[in-house]
Amino acid sequence: MTEVSVAVKPRRAAPDAPRGGHRSTKRSRREARAAYLFLAPWFAGLLVITVGPILASLYLSFTDYNLLEEAKWVGFDNYVKMFTQDPRFLNSLKVTTIYVVVSVPLQLAFALALALVLDRGLRGLSIYRSIFYLPSLLGGSVAIAILWRKVFGADGLVNAVLALFGIEGPGWVGDPDTALSTLILLHVWTFGAPMIIFLAGLRQIPSSYYEAAAVDGAGPLRQFKSITVPLLTPIIFFNLVLELIKSFQSFTQAFIVSGGRGGPADSTLFYTLYLYLNGFKNYDMGYAAAMAWVLLLIIAGLTGVNFLASKYWVFYGDTK
């Protein structure tokens with residue numbers, strides 16, 4: 001019986017790791033260190049300018065602090081006082097809520113209507129866009145607020161126009177029944193920013209959708225309801241969230257028009273204006289800090305509700 005010898009081929013040793021890998025790792029670490037070095041000023045600013053004051057205001061909201069003496073810890077006294085012992089706080093919350101609930105839908109509706117008009121392909125569209133955008137740039141300024149107070153004053157332009165028709169108008173900004181309406185009108189007038197965003201959204205809707213709907217016999221109203229609005233819901237949602245946050249933070253208009261008091265009869269006492277009065281007029285900075293945190297929670301809560309509700313009415317492509 002012959003023996004068969006089998007030659008066993010020796011196993012080749014695993015190749016060494018490429019030398020370039022180590023260099024690549026060192027280069028990546030060096031680039032990461034450089035990136036962190038360039039980002040260091042931003043992180044420092046975030047901690048010193050943003051995070052630090054936020055945490056400081058949270059601490060102050062639990063104290064009695066008048067800017068002149070050392071803060072004294074009082075626990076939840078500021079928050080309890082806010083909702084049980086301060087009728088002006090509740091009134092400021094009521095005034096601000098009315099302002100937001102009325103002005104934001106009106107502003108968005110007006111902005112969408114103008115965007116639909118501009119989307120028809122007018123000549124000189126860029127000029128119209130610039131003109132209509134100006135109110136958003138100027139509406140929050142002190143100069144426009146002063147002008148608004150003059151226009152709606154007892155001897156202002158509005159009453160002068162009404163006098164031509166034999167109508168004696170009231171002092172709009174000096175009447176508790178109409179003062180808030182003038183501020184709502186001012187907010188609606190600053191429609192430029194949402195209008196530009198609406199116009200950009202309208203330009204993204206394919207014209208073939210409207211052509212197909214027209215072939216099926218759908219009129220302009222039906223096309224608006226079945227095509228424009230559903231496809232524009234993400235833009236509507238975006239504008240709604242932005243304007244909701246901005247409206248709750250409105251301050252300059254009420255401060256100038258009311259002379260910094262929120263009058264007449266607290267009819268224009270916005271939340272932020274009352275916060276300012278407590279912090280820098282009454283020197284009750286602890287109470288003002290507590291008001292600021294309540295406002296933060298209100299805005300965050302309403303924003304969260306909007307995001308939760310958006311799944312029922314906002315359409316993203318083929319999904320809702």
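Which residue's side chain meets that of Glu-243 in a salt bridge? The legends below, drawn from a predicted model, take up this pair after an overview of the chain.

**Figure 1. Overview of the protein chain, with its 13 helices and two strands.** In this predicted model, buried residues make up 34% of the 320 residues in the chain. The chain exposes about 20300 Å², and carbon and sulfur atoms supply 66% of that area. When contacts with a separation of 6 or more are considered, residues 24 or more positions apart account for 67% of them. A search of the whole structure finds four salt bridges, and some of these are taken up in the views that follow.

**Figure 2. Close-up of the salt bridge between Glu-243 and Lys-246 in helix H10.** The side chain that meets Glu-243 is that of Lys-246, with a distance of 3.4 Å from N to O. Because the two residues are three residues apart in helix H10, Glu-243 and Lys-246 are separated by about one helical turn. An α-helix has 3.6 residues a turn, so residues three or four places apart point the same way. The two partners differ in their surroundings, since Glu-243 counts as buried at 5% relative accessibility, whereas Lys-246 counts as partly exposed at 37%.

**Figure 3. Close-up of Ser-247, a residue of helix H10 (residues 220-248).** Is Ser-247 buried or exposed? Ser-247 is buried, because its relative accessible area is 1%, and the cut-off for a buried residue is under 20%. Its side chain makes a polar contact with the side chain of His-187, at 3.2 Å. If neighbours within four places in sequence are left aside, Ser-247 is in contact with Tyr-99, Val-100, Ser-103, Val-104 and His-187, so that His-187 appears both in this list and as the polar partner.

**Figure 4. Close-up of the salt bridge between Asp-284 and Lys-81.** The closest N and O atoms of Asp-284 and Lys-81 are 4.0 Å apart. This pair links distant parts of the chain, as Asp-284 lies in the loop between helix H12 (271-281) and helix H13 (285-310), while Lys-81 lies in helix H2 (residues 77-84), and the two are 203 residues apart. Asp-284 is buried, with a relative accessible area of 17%, whereas Lys-81 is partly exposed, with a relative accessible area of 31%.

**Figure 5. Close-up of helix H8 (residues 192-203) and the salt bridge of Arg-203 with Asp-119.** Helix H8 has twelve residues and reaches 17 Å from its first C-alpha to its last, which is close to the 16 Å expected at 1.5 Å a residue. Which residues of H8 are buried? They are Gly-192, Pro-194, Met-195, Phe-198, Leu-199, Gly-201 and Leu-202. The side chain of Arg-203 meets that of Asp-119 in a salt bridge, at 2.7 Å from N to O. This pair, too, links distant parts of the chain, with Arg-203 in helix H8 and Asp-119 in the loop between helix H3 (87-118) and helix H4 (125-138), 84 residues apart. Arg-203 counts as partly exposed at 44% relative accessibility, and Asp-119 is also partly exposed, with a relative accessible area of 27%.

**Figure 6. Close-up of a nonpolar surface patch that includes Val-51.** The patch covers about 650 Å² and is made by Leu-47, Val-48, Ile-49, Val-51, Ile-54, Leu-55 and Leu-58. One of these residues, Val-51, is found in helix H1 (residues 19-60). At 31% relative accessibility, Val-51 counts as partly exposed, and it can belong to the patch because patches are made of residues with over 30% relative accessible area.

**Figure 7. Close-up of the loop between helix H11 (252-257) and H12, where Pro-264 is found.** The peptide bond from Gly-263 to Pro-264 is cis, with omega near 0°. Ala-265 lies in this loop between H11 and H12 as well, and it has a positive phi of about 55° although it is not a glycine. Ala-265 is exposed, with a relative accessible area of 69%. Asp-266, whose place is also in the loop between H11 and H12, has a positive phi of about 60°, and this residue is not a glycine either.

Terms used:
Residues numbered from 1 in each chain as written. Predicted model: local features only at pLDDT ≥ 70, side-chain atom pairs only at ≥ 80, totals over all residues. Heavy atoms only, no water. Patch = residues over 30% accessible without salt bridge, like charges linked within 9 Å, V, L, I, M, F, W, Y side chains within 5 Å. Areas by Shrake-Rupley, 256 points an atom, 1.4 Å probe, with all protein chains shown as cover. Helix = DSSP H or I, 4+ residues; strand = E, 2+ residues; numbered from the N terminus. Buried < 20%, exposed > 50% of the residue type's maximum accessible area, 1.4 Å probe, protein only. Expected span 1.5 Å × (residues − 1). Polar contact = N/O pair within 3.5 Å; in protein donor to acceptor, adjacent residues only side chain to side chain. Contact = heavy atoms within 4.5 Å.
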